[in-house]
Amino acid sequence: MSVDLLLGLQWGDEGKGKIVDVLTQSYDIIARFQGGPNAGHTLEFEGIKHVLHTIPSGIFHPKAINLIGNGVVIDPVIFKKELDNLAPYNIDFASKLLISKKAHFILPTHRLLDAASEAAKGKAKIGSTLKGIGPTYMDKTGRNGMRVGDIFTKTWKKRYQSLVEKHLKMLDFYDSALEFDINELEETFFEALEILKKCKVVDSENYLHQAQADGKKILAEGAQGSLLDIDFGTYPFVTSSTTTAAGACTGLGIAPNKIKEVFGIFKAYTTRVGSGPFPTELFDEVGKRIAKVGHEFGATTGRPRRCGWIDLVALKYAIKVNGVTQLMMMKGDVLSGIDKIKVCTHYKTEDGVIDYLPFDIQPESVSPQYIDAPGWEEDLTEIDQVDKLPKKFIKYIDFLEEELQTPIKIVSVGPDRKQTIFR
Ligand code: GDP
Ligand code: IMO
Ligand code: MG
């Protein structure tokens with residue numbers, strides 16, 4: 001049985017949580033494959049909004065199994081808070097939530113190192129969510145990390161302590177003004193670990209191989225977005241994991257030839273939170289309007305998101321890197337009432353006008369080239385059928401589809417589950 005994959009094509013926050021929730025009814029297993037609690041995936045239904053950070057977005061469905069894969073990094077403290085927040089919803093975590101033994105832990109000192117590293121960078125900071133993501137993946141690739149399965153071994157505490165001692169020395173090196181009480185941090189960490197220990201911890205790659213053999217339908221859920229990928233994103237202003245399609249193979253143990261559909265999600269415009277280049281960023285009233293109407297504030301940090309026009313150069317690149325087979329366009333409703341919508345089709349560079357993403361997309365190196373698309377006046381949020389959508393909006397979708405050479409199969413017109421139109 002094949003596996004489908006859903007991932008963001010921009011700089012994150014495209015609406016992955018909402019669409020995974022919508023699609024879960026057609027799947028047996030939802031599996032997160034990378035990232036950690038830097039992610040904030042929002043779901044809305046029955047008038048309630050939920051934000052998930054570590055737990056996959058299929059958790060509200062009665063039957064689906066939700067698996068946290070080996071490629072994910074887990075902060076037990078945040079994980080416990082997520083479970084606490086979900087307590088009123090009577091979710092049977094014991095049977096529905098699985099955690100990979102090979103997933104790595106974010107330790108309290110990883111979070112401190114993240115903060116110290118960002119402070120030391122000054123103006124050049126990444127704009128990290130400060131959840132300890134970078135330092136944790138550094139320890140993973142540096143072969144020093146602590147994995148979920150380790151907590152059931154005798155040497156766990158000793159290895160934990162020697163890693164923490166090393167981290168404390170590194171913190172001295174940074175000479176940051178960070179104030180912390182390691183004992184207090186550890187107390188909270190170990191308390192949360194006891195809760196995590198009660199969850200079902202599995203050899204997740206074996207579990208998924210068996211599920212495939214049994215004909216189960218699996219949806220891999222990405223976090224962040226393709227332009228934040230450690231290799232293909234706007235380095236160094238990226239996250240520390242493989243957010244693109246290949247990450248689902250390494251982050252779950254799924255073979256590339258088992259992946260069938262690759263669902264690529266994008267907003268009808270572009271947003272970015274944190275630092276780094278953003279060619280189509282708007283600094284005018286239109287940008288402010290998009291931010292306001294779209295409630296563009298980070299689901300994890302609450303920081304305002306930078307807003308700009310849609311960038312087809314970047315989208316085409318993300319579609320190629322991921323092998324996207326179907327597109328999903330989110331938040332078209334936010335653009336209602338803007339009479340002239342701009343679409344970036346090319347970049348002007350020293351080497352001429354190009355339609356591919358070059359090595360450097362800093363403002364001094366690329367200048368976005370736009371065409372105008374006529375805007376639509378109508379409110380889209382109550383529309384539930386394709387043929388009721390305004391003509392000018394349909395024209396916008398058709399134009400994007402033609403440019404991107406990939407079908408747009410879902411159009412989302414509001415945050416709620418119900419505000420989803422299938423084409
Ligand atoms: P994720 O990280 O990709 O899951 O996305 P986030 O949850 O961080 O950000 C998406 C935001 O847009 C959330 O607040 C969603 O509730 C909201 N949202 C999702 N789809 C739509 C849509 O079609 N229209 C509007 N107006 N909001 C949406
Ligand atoms: P979801 O899954 C948007 C950004 C941060 C920062 C950079 C590095 O909700 O789409 P990190 O904490 O990973 O060291 O931060 O990546 N970032 C995100 N931006 N959505 C996310 O996740 C993000 N996760 C990280 O703002 O610029
Ligand atoms: Mg988000």
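Helix 1 (16–23) and strand 3 (41–45) are a good place to start, since each of them supplies at least two residues of the shell around ligand 1. The model described here is a predicted one, and the account below visits its two ligands in turn before ending with a look at its aromatic rings.

Ligand 1 is surrounded by 20 residues, and those that come nearest are G15, K16, T42, D333 and S412. Two of these nearest residues also hold polar contacts with the ligand. In the side chain of T42, an N or O atom is 2.5 Å from an oxygen atom of ligand 1, and a polar side-chain atom of S412 likewise lies 2.5 Å from an oxygen atom of this ligand. A further contact involves K331, whose side chain places an N or O atom 3.0 Å from an oxygen atom of ligand 1. On its own, ligand 1 has 580 Å² of accessible area, and the protein covers 93% of that. Sorted by class, the shell around ligand 1 comprises eight charged, seven polar and five nonpolar residues. As for the setting, ligand 1 takes up the space of the second largest pocket.

Attention now turns to ligand 2. Around ligand 2 there are also 20 residues, with K16, H41, T129, Q224 and T239 coming nearest. Readers may recognise K16 from the previous paragraph, where it was listed among the residues nearest to ligand 1. The side chain of T239 has an N or O atom 2.6 Å from an oxygen atom of ligand 2. N38 contributes a polar side-chain atom that lies 2.9 Å from an oxygen atom of the ligand, while in G40 a polar backbone atom is found 2.9 Å from an oxygen atom of ligand 2. Of the 550 Å² of accessible area that ligand 2 has on its own, 97% is covered by the protein. The shell around ligand 2 divides into ten polar, seven nonpolar and three charged residues.

Beyond the ligands, the aromatic side chains deserve a brief visit. The count of aromatic pairs in the model comes to twelve. One of them joins F105 and W156, with 6.2 Å from centre to centre and 55 degrees between the planes, an arrangement classed as tilted. This pair links distant parts of the chain: F105 belongs to strand 8 (residues 104–105) and W156 to helix 6 (residues 156–174), and the two residues are 51 residues apart.

Technical notes. Residues numbered from 1 in each chain as written. Chains lettered and ligands numbered in written order. Predicted model: local features only at pLDDT ≥ 70, side-chain atom pairs only at ≥ 80, totals over all residues. Heavy atoms only, no water. Near = heavy atom within 4 Å. Polar contact = N/O pair within 3.5 Å; in protein donor to acceptor, adjacent residues only side chain to side chain. Areas by Shrake-Rupley, 256 points an atom, 1.4 Å probe, with all protein chains shown as cover. Nonpolar A, V, L, I, M, F, W, Y, C, P; charged D, E, K, R; others polar. 1 Å grid on protein atoms, 1.4 Å probe; cavity = no way out; pocket = protein on both sides within 12 Å on 5 of 7 lines; lining within 4 Å. Sits in = over half its atoms within 2 Å of the grid points. Helix = DSSP H or I, 4+ residues; strand = E, 2+ residues; numbered from the N terminus. Phe/Tyr/Trp six-rings, centres within 6.5 Å; stacked < 30°, edge-to-face > 60°.
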